[in-house]
Each structure stands twice: as structure tokens, then as C-alpha cells.
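Thanks for making the time this morning. I would like to walk through one chain with you, going from its interior outwards, and I will put it on the screen now.

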Amino acid sequence: MKLDKYSLGIGDRFGLQGVPQLRAFQMAAGKGLQISPVWNKSNREHSIIGTVPHDTRREADGAVGELGWRGAYLVDADHIGAGTVDPFIDSSDFFTIDVAEFIGIPASPEAVRSFLGAMAPFTGAIRVPGLDEPLGVDETLLRAVAGKYLNAVAEAGRVYRRILSARRGKEFVTEVSLDESDMPQSPGELFFILGAIGAEGIPIRTIAPKFTGSFLKGVDYVGDVGTFAREFEQDLAVVAFAAGSFHLPDDLKLSVHTGSDKFSLYPLMHRAIRRFDAGLHLKTAGTTWLEEVIGLAEAGGEGLRTAKEIYALSFGRFDELCGPYTQVINIDRSKLPPPAEVATWPGEVFAGTLRHDPLHKGFNPDLRQLVHVGYKVAAEMGPRFTGLLRRYAAPVGKNVTDNIYRRHIAPLFLGADDPD
Ligand SMILES: [Zn+2]
């Protein structure tokens with residue numbers, strides 16, 4: 001199953017922006033850079049919006065057909081587990097197996113013994129190309145990894161084999177995600193987690209560890225950028241070394257679940273993947289939905305009125321809408337403008353407040369995060385909202401394409417702040 005060295009996960013809550021999203025990848029291809037688009041949507045998103053996995057497949061296939069895209073593209077069953085994977089089997093060909101909730105539960109003594117036996121050749125000072133210091137490995141580290149992660153890897157194996165048998169020979173890409181766990185994994189832990197995954201027989205292509213710092217939805221990284229840079233480079237080195245050491249696929253690469261918009265990290269990630277000649281999968285959240293609201297605001301008229309209505313309703317339902325996302329948002333309620341004030345704004349003020357341009361002095365990350373989780377309000381509007389997206393397809397699509405290309409692809413993969 002082809003997955004380019006570089007791939008970008010794109011979310012699309014309402015499934016209407018396939019074409020404008022794909023245009024951004026065409027623009028990159030025009031600059032000589034092939035990036036696989038991966039449409040990702042989690043079970044949670046599907047259930048809040050009332051869509052099914054097949055809708056995402058139809059969107060992706062439709063966009064690919066319409067634009068004549070010849071490259072690889074995939075549909076990701078995002079953050080699935082044994083209880084949620086089945087409806088995704090036919091329509092997805094990329095499976096992100098989330099085993100975070102199995103971390104820390106002890107594995108069986110036999111499993112621990114067999115893991116310690118398999119990893120015994122890797123004890124001592126392990127020289128990993130690209131790491132300044134050797135990895136110091138002793139039985140204490142191996143037992144710690146076994147105690148924390150072996151059970152999670154065994155669960156990933158069960159889910160993988162379930163997908164394998166249900167797919168009946170149809171190929172797919174497997175990712176294992178640990179990013180929704182409490183503690184970041186050290187490079188040494190990551191190396192032996194990959195060892196356990198290899199021993200479990202899961203041919204993973206991408207692994208999503210939890211990194212240091214906060215990856216909130218739709219806003220920039222919160223944490224020490226220098227610490228992240230070191231950790232990211234160490235992980236790149238460890239992933240490349242693990243692929244060769246544990247009979248994992250050659251193109252195994254890191255997956256970073258960003259929550260979108262980690263602008264302060266992209267330049268250093270760009271330098272690191274170039275320096276290590278490493279692949280990367282970068283997953284964004286459903287921030288295409290925010291570009292839809294921005295496009296409607298800019299369109300004026302009914303579009304602007306509806307954008308303001310979405311804000312007002314979200315403001316009034318703050319607790320309910322933020323509830324499922326408390327771990328990944330951080331909103332200062334005192335910085336949210338009252339809906340009565342927003343009602344007086346012209347379209348460009350609304351758009352400038354919501355759009356993630358850190359240099360724009362009107363940008364308000366608190367308002368942005370609230371609207372990000374407010375998609376339920378738009379989903380409830382049903383055809384009234386989706387009809388507006390169709391009516392204002394041009395201003396909406398322009399914002400969708402521009403966001404993916406100029407704010408994500410260009411700084412991360414092309415390494416240019418100004419791609420023009
Ligand atoms: Zn994730």
C-alpha cells in the first residue's frame with residue numbers, strides 16, 4: 001500500500017472540502033513535492049456530526065476523480081480500537097490503532113519473559129546513528145517498558161489481526177498511536193515499544209508517540225520549543241534504527257498528531273526531517289471547519305450572519321461543547337467577546353479574529369478554540385449550513401486551500417515561510 005515519504009492528515013468535519021483540500025497537495029506537487037493526502041476522521045467526529053466512515057471515502061474518491069489526482073491517497077480510521085473499528089473496515093485503508101488506555105496495565109508474566117528474551121541482544125550501550133549519546137539499556141529499562149507498554153502493544157496486535165482478517169487481503173497502512181496518554185515516551189522507550197511491535201508481528205508504517213508539551217486543537221504549541229526539537233530529532237533517529245533492528249517496514253516513520261497549527265514547530269521539524277532524510281506523517285485536526293466559518297464570514301450577507309450565529313450559540317453552550325475536549329483545549333473565558341459585540345463586526349473583523357495568523361493583532365485564540373469545538377452547532381443546522389457552504393463554495397474553498405498549503409505544507413515540507 002503506497003504511502004509517500006511525506007503525508008499529511010487532513011480533517012473535514014462536513015465532508016464538503018475534498019476538492020479545495022486536494023488542491024493544496026496539487027500545488028505542492030507542482031513544486032516537485034509529492035505528499036500523500038490522508039483523510040482522517042475519528043469515531044467521535046462521525047458520531048457528533050452524524051456521518052459514517054463511507055462518507056469520508058466518498059469524499060476522497062470524489063475529489064481525486066474531479067481533480068485527476070494520480071498520487072497515493074488514503075482514508076484514515078482515526079483513533080480506533082477493538083470496539084469502534086468494524087464500521088471503518090471497508091471504507092478505510094489507513095488504520096490508527098489507539099492503545100493509550102491499555103498503557104500501564106501489566107502484561108502476563110510469559111509475555112514479559114518472552115519480550116525480555118527477544119530484547120536481550122540490545123542491552124548495554126546501543127549506538128544509534130544520529131544520536132550523540134549511546135542509549136544506555138539495562139534490564140531495568142526493559143522491565144519498565146514491558147510493565148508500561150507491553151499490554152498496549154498486545155492489544156494493538158489483536159486489533160491489527162482483526163482488521164487483517166476482515167479486510168480479506170485488501171491492503172492497508174497501520175499506525176499505532178500513543179499520543180493520548182498521560183506521559184511522553186522517552187526515545188529509549190520508543191525504541192523498545194517498536195521492538196515489542198515488531199515481535200508482535202504488526203507491520204506498522206507510522207507510530208505516533210506522545211511528545212513533551214501541549215498540542216491543543218487549532219492553536220500553536222505550548223511548551224519549550226528547544227526541548228521538543230531535541231526530542232523530535234532523537235525520535236527520528238530511533239525510528240530509523242528500530243526499522244532495521246526489528247524487521248519493521250523500511251519506510252516506518254513518525255506520525256505527529258498536532259491538533260493542527262503548530263506553526264512554531266514546523267521550521268525545526270522541517271530542518272530535522274531534511275537532516276535525517278526522514279519521512280513524516282503529520283496529522284491535523286478538523287480545522288478545515290474553521291476555514292469554512294472564515295469563508296462564510298468573508299462572504300458577508302447570510303454567510304456572515306450564520307458565522308455570527310454559530311459563535312453566539314457556541315458561547316451559550318460553552319460547557320457542553322467543550323466537555324469532550326477538555327484535555328485538548330484551553331480557553332480563557334474572560335477573553336471571549338460577548339455575542340452582542342460580535343454581532344456588530346464586519347466580515348473581515350470576524351475573519352481576522354478567527355483566522356490563525358499570529359501576527360494579526362485582532363487574532364483571538366480563545367474565540368478560535370471555542371468555534372473549533374462548536375461544529376456540533378453547525379451540524380444541528382443541517383442543510384441550512386451545508387447549503388451555505390455550497391452557495392459560498394468559492395470564498396470557503398479559497399480559505400481551505402490557502403490554509404493547508406501556505407500555513408502547513410509550505411513551512412513544514414517545503415521549508416518556506418513565503419511559498420510564492
Ligand atoms: Zn491523536
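The largest nonpolar core in this predicted model has 118 residues, and those with the most contacts inside it are Ala156, Val176, Ile193, Ile197, Val293, Leu296 and Ile409. If you look for the element that gives the most to this core, you will find helix 5, residues 139–167, which supplies 11 residues. Please also note that the core draws on both domains, with at least three residues coming from each of domain 1 (6–286) and domain 2 (289–399).

Let me stay for a moment with Leu296, one of the residues with the most contacts inside that core. Once its neighbours within four places in sequence are left aside, Leu296 is in contact with Gly303, Leu304, Thr306 and Ala307, and also with Leu388, Tyr392 and Val396.

Now to the domains themselves. The domain assignment of the chain gives domain 1 as 6–286 and domain 2 as 289–399, and the C-alpha centres of the two lie 30 Å apart. Where they meet, 18 residues of domain 1 are in contact with 19 residues of domain 2. On the domain 1 side, helix 2, residues 43–49, gives the most, with 3 residues, while by class that side has 8 nonpolar, 5 polar and 5 charged residues.

Let me turn next to helix 13, residues 347–354, whose buried residues are Gly347, Phe350, Ala351, Thr353 and Leu354. Why do they count as being on the same side of the helix? They cover an arc of only 160° around the axis, and that is what puts them on the same side of helix 13. What covers these buried residues includes helix 9 (288–299), helix 10 (301–316), helix 12 (339–342) and helix 14 (365–373).

In the loop between helix 13 and helix 14 we find Asp357, which counts as partly exposed because it has 13 C-beta neighbours inside 10 Å. Asp357 and Asp261 are 96 residues apart in sequence, and their C-alpha atoms are 10.0 Å apart in space.

Finally, a check on helix 7, residues 225–245: at 1.5 Å a residue, its 21 residues should span 30 Å, and its end C-alpha atoms are indeed 30 Å apart, so the two values agree. Just after helix 7, His247 takes a positive phi of about 55°. I will stop there and take your questions.

How values were computed: Residues are numbered from 1 along each chain as its sequence is written. This is a predicted model: local features need pLDDT of at least 70, side-chain atom pairs count only at pLDDT 80 or more; totals for chains, interfaces and linings use all residues. Domain bounds come from an automatic or database domain assignment. Two residues are in contact if their C-beta atoms, placed from the backbone, lie within 7 Å. Helices (H or I, at least four residues) and strands (E, at least two) are DSSP runs, numbered from the N terminus. Ala, Val, Leu, Ile, Met, Phe, Trp, Tyr, Cys and Pro count as nonpolar, Asp, Glu, Lys and Arg as charged, and the others, Gly among them, as polar. A nonpolar core is a set of buried Ala, Val, Leu, Ile, Met, Phe, Trp, Tyr and Cys residues joined through C-beta atoms within 7 Å. A residue is buried if 20 or more other C-beta atoms lie within 10 Å of its own, exposed if 12 or fewer, and partly exposed in between; C-beta atoms are placed from the backbone. The arc is that of the directions from the helix axis to the C-beta atoms. The expected span of a helix is 1.5 Å times one less than its number of residues.
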